[in-house]
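Work through the exercises below with the sequence and the model open side by side. Each task is followed by a solution in steps.

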Amino acid sequence: MDEELVTPYWHLERPDGARRTPRQLSAITLPVLRLIWQSGRRPALTILVLQLAAGAATASGLLATARVLDELLAAGTAPDRLLAAAPGLALVAAMLALRGAAEAAVELARARLEPALRRTAEERLFAAALGVQLTDFDDADFYDGLHRARDRGLFHLDRAVGNTIDLLGATCGVTAAVAGLAVLHPLLVPLLVVGMIPEAWAVLKAAQRGYAGMRSMVTLNRRVQLLAELATERDPAGELRACQAEPYVLAEYRQVADLLKEKETQVGLSMARVRTAGRAMAGLAMAGVLAVLGLMLHAGWIALAAAGTAVIAVRVAAAALRQLAQAANQLFEQSLYVADYHDFLADADRRKRPSRGTAAPRSPERITLHGVGFTYPGSLNPALREIDLTIHAGQTIALVGENGSGKTTLARVLAGLYRPTSGAVRWDGLDTAGLDPYTLADRVVLVPQHPVRWPHDARTNVRMGRHDRPDPGDHALREAASLAAADDVVAGMPAGWRTLLSRHFRGGHELSAGQWQRLAVARGLFRDGPLLIWDEPTAPLDAKAEYAVYETLRGLAGERTVLLITHRLTSVRHADRIYLLHQGRIAEEGTHEELLALQGRYAELYALQTGKPARR
Ligand SMILES: Nc1ncnc2c1ncn2[C@@H]1O[C@H](COP(=O)(O)OP(=O)(O)OP(=O)(O)O)[C@@H](O)[C@H]1O
């Protein structure tokens with residue numbers, strides 16, 4: 001186990017083995033700034049102007065302070081000096097007020113900008129994920145990238161925005177202090193820069209250590225996340241208890257969490273040491289700056305008032321620098337995740353489904369597969385090999401075969417969800433590779449083996465089959481429900497069609513597996529289309545519901561082309577043609593009677609299921 005945690009099989013390193021290194025601050029902030037700009041130009045511009053105004057107020061305030069000190073330290077009586085300093089004092093107060101107001105206004109603009117940015121970033125991610133091909137979800141690298149972008153990229157992007165704004169504000173603050181010092185005496189600027197070096201060194205060093213530590217903990221964090229899902233999600237909760245696996249999960253958590261705790265402590269301590277050293281050196285540097293100031297004063301290079309203001313300016317600069325350091329530090333830490341987000345968008349863009357091509361025939365007369373093969377991404381063995389078959393409009397075709405023989409894969413290839421990796425699928429002679437995938441999908445109804453349980457009401461669950469289908473009075477909805485024996489299910493729900501079907505929300509209602517399946521069948525019937533693909537539609541149904549579904553399917557014979565996948569061979573007796581798949585190939589084909597007469601695998605499976613000897 002320990003070894004597995006060091007190099008576990010599920011640790012998805014980048015395939016090329018490339019490791020990220022901390023990026024330049026500009027490389028981190030520029031994409032974030034671009035996103036800020038695209039999410040809300042007005043609040044972005046407002047923030048920029050306000051930060052500049054706050055910086056200008058700081059610089060002006062410093063110069064006004066120098067004037068005040070000058071007047072206060074001049075010869076004359078105290079009331080006279082105070083009177084002379086009054087306009088300067090008023091200016092200092094005004095600049096302080098202006099800076100405060102600008103900072104408060106930045107907060108307001110941020111309150112507008114941050115939700116807008118979150119929305120933009122999320123929409124881009126969702127649109128990118130929805131725009132790729134189905135096979136991309138079978139590609140471990142893509143899937144991992146998507147989850148990193150969704151779970152951590154978005155989260156850290158949100159924080160990176162706040163830090164980028166803080167960084168901008170702090171940069172304006174430091175620049176203002178430096179500008180103020182340059183006006184007071186040009187020599188003060190290099191003095192301040194030298195004084196800042198220890199703090200800057202500590203920031204970079206701590207960020208590097210934090211970054212390296214974070215990288216080494218990615219695997220452990222991922223493992224904890226998986227365990228958290230096992231321990232807290234509803235789906236595994238039942239089986240976990242039935243298997244009495246609670247102690248196993250906790251023991252595994254402790255093992256991983258102890259390692260993580262150790263590593264986190266090591267990294268935290270190492271960063272704290274660097275920061276402490278940085279702070280100590282910064283204190284010494286500050287003492288050095290003050291000493292040099294004293295010497296300059298002693299040598300008469302600088303007036304007392306200017307020296308006093310320089311001390312204030314150095315303190316202002318140090319405070320701004322600390323803020324800058326903190327923001328930069330966090331940005332370095334967030335850079336990996338923000339880069340993950342942007343990398344995912346770029347990857348998804350490359351994988352985008354083409355949206356052009358010839359429109360698919362509205363109702364294909366003939367679907368043919370020529371030497372079709374399909375291999376899942378990253379898989380060594382093809383799931384389908386050399387498949388040749390022809391389906392004519394109105395036929396009912398059945399796919400049968402053992403688990404893993406390739407039935408679902410073939411159904412997905414036929415539905416246009418997977419592109420064959422060899423051979424071709426043709427609709428009325430047109431290669432589907434050249435057809436517009438959206439019009440192709442429009443002609444297909446797919447009731448999958450594990451239908452989606454939409455966390456919506458029952459009506460939406462059925463209407464989702466074709467959400468934009470006009471259905472005044474819900475006539476088609478009710479008809480589909482009745483044909484799928486789902487009307488009984490709806491009648492038994494507390495709020496009928498309006499019942500929310502999700503226990504994740506208060507007032508939500510849960511259905512049994514068979515009840516969900518009936519809704520899924522109704523969804524397929526509501527969708528309607530010339531090619532119906534049913535992948536094990538009746539597996540969780542009771543005998544009555546199964547009978548109703550098969551009656552409905554028989555009723556559709558002739559009007560629609562039906563492809564039926566099932567393990568219940570008694571249900572496929574009426575099919576026009578049956579294909580038995582074995583290890584991705586068509587092993588036998590024919591009508592029920594022809595296949596029984598063949599005395600091969602089909603006949604054997606049929607005999608096993610019916611308990612009758614394999615004879616005609
Ligand atoms: N997403 C995937 N990635 C990689 N390999 C897959 C994936 N899905 C299925 N396979 C492999 O492809 C082969 C065919 O699987 P498929 O799901 O098509 O079989 P099936 O006949 O529908 O099985 P079942 O009767 O159990 O539903 C199997 O060997 C399986 O391991």
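**Exercise 1. The shell around the ligand**

Describe the shell around the ligand in this predicted model by residue class, and state which helix gives the largest share.

Step 1. By class, nine residues of the shell are polar, two are nonpolar and two are charged.
Step 2. The shell holds 13 residues, and the closest are Tyr376, Ala383, Asn403, Thr408 and Thr409.
Step 3. Helix α10 (residues 407-414) gives the largest share, three residues.

**Exercise 2. Two annotated spans**

Find the helix and strand content of the two domain features that UniProt lists, using the spans 45-333 and 367-608.

Step 1. The unreviewed UniProt entry lists "domain: ABC transmembrane type-1" at residues 45-333. That span is 92% helix and 0% strand, with 26 Å between its end C-alpha atoms.
Step 2. The unreviewed entry also places "domain: ABC transporter" at residues 367-608. Here the content is 32% helix and 24% strand, and the end C-alpha atoms lie 33 Å apart.
Step 3. The domain assignment of the chain gives other bounds to work with: domain 1 is 25-350 and domain 2 is 454-522. The centres of domain 1 and domain 2, taken over C-alpha atoms, are separated by 49 Å.

**Exercise 3. The open sheet**

State the strand order of the four-stranded open sheet and identify the strands at its edges.

Step 1. The order is β2-β1-β4-β5, with antiparallel pairing.
Step 2. β2 (384-392) and β5 (430-431) each have a single partner strand, so one side of each has no neighbour in the sheet and these two are the edges.
Step 3. Inside the order, β1 pairs with β4 (residues 422-427) over five antiparallel bridges. One pair to locate is Thr368 with its bridge partner Arg426 in β4.

**Exercise 4. Glu365 and Asp428**

Is Glu365 buried, exposed or partly exposed, and which residues does Glu365 touch?

Step 1. Glu365 sits in the loop between α9 (304-350) and β1 (366-374).
Step 2. Glu365 is partly exposed because 14 C-beta neighbours lie inside 10 Å, and the buried class needs 20 or more.
Step 3. Leaving out residues up to four places away in sequence, Glu365 touches His392, Ala393 and Asp428.
Step 4. Asp428 belongs to the loop between β4 and β5. With 13 C-beta neighbours inside 10 Å, Asp428 also counts as partly exposed.
Step 5. Most residues other than glycine have a negative phi. The phi of Asp428 is positive, near 50°.

**Exercise 5. A second positive phi**

Where is Gln599, and is Gln599 buried, exposed or partly exposed?

Step 1. Gln599 is in the loop between α17 (592-598) and α18 (601-610), and its phi is near 55°, a positive value.
Step 2. Gln599 is partly exposed because 13 other C-beta atoms lie within 10 Å.

**Exercise 6. Strand β6**

Which residues of β6 (residues 444-447) lie on each face, and are they buried or exposed?

Step 1. In a regular strand the side chains alternate between the two faces of the sheet.
Step 2. Val444 and Leu446 take one side of β6, and Val445 and Val447 take the other.
Step 3. These four residues are all buried, and both faces of β6 are covered.
Step 4. β6 runs parallel to β7 (residues 531-535), joined by four bridges. Val447 stands opposite Trp534 in β7.

Conventions: Residues are numbered from 1 along each chain as its sequence is written. This is a predicted model: local features need pLDDT of at least 70, side-chain atom pairs count only at pLDDT 80 or more; totals for chains, interfaces and linings use all residues. Domain bounds come from an automatic or database domain assignment. A residue is buried if 20 or more other C-beta atoms lie within 10 Å of its own, exposed if 12 or fewer, and partly exposed in between; C-beta atoms are placed from the backbone. Two residues are in contact if their C-beta atoms, placed from the backbone, lie within 7 Å. A residue is near a molecule or strand if its C-beta atom, placed from the backbone, lies within 6 Å of it. Ala, Val, Leu, Ile, Met, Phe, Trp, Tyr, Cys and Pro count as nonpolar, Asp, Glu, Lys and Arg as charged, and the others, Gly among them, as polar. UniProt positions are given in the numbering used here, feature names are shortened, and annotations may be inferred rather than shown by experiment. Two strands pair if DSSP finds at least two bridges between them.
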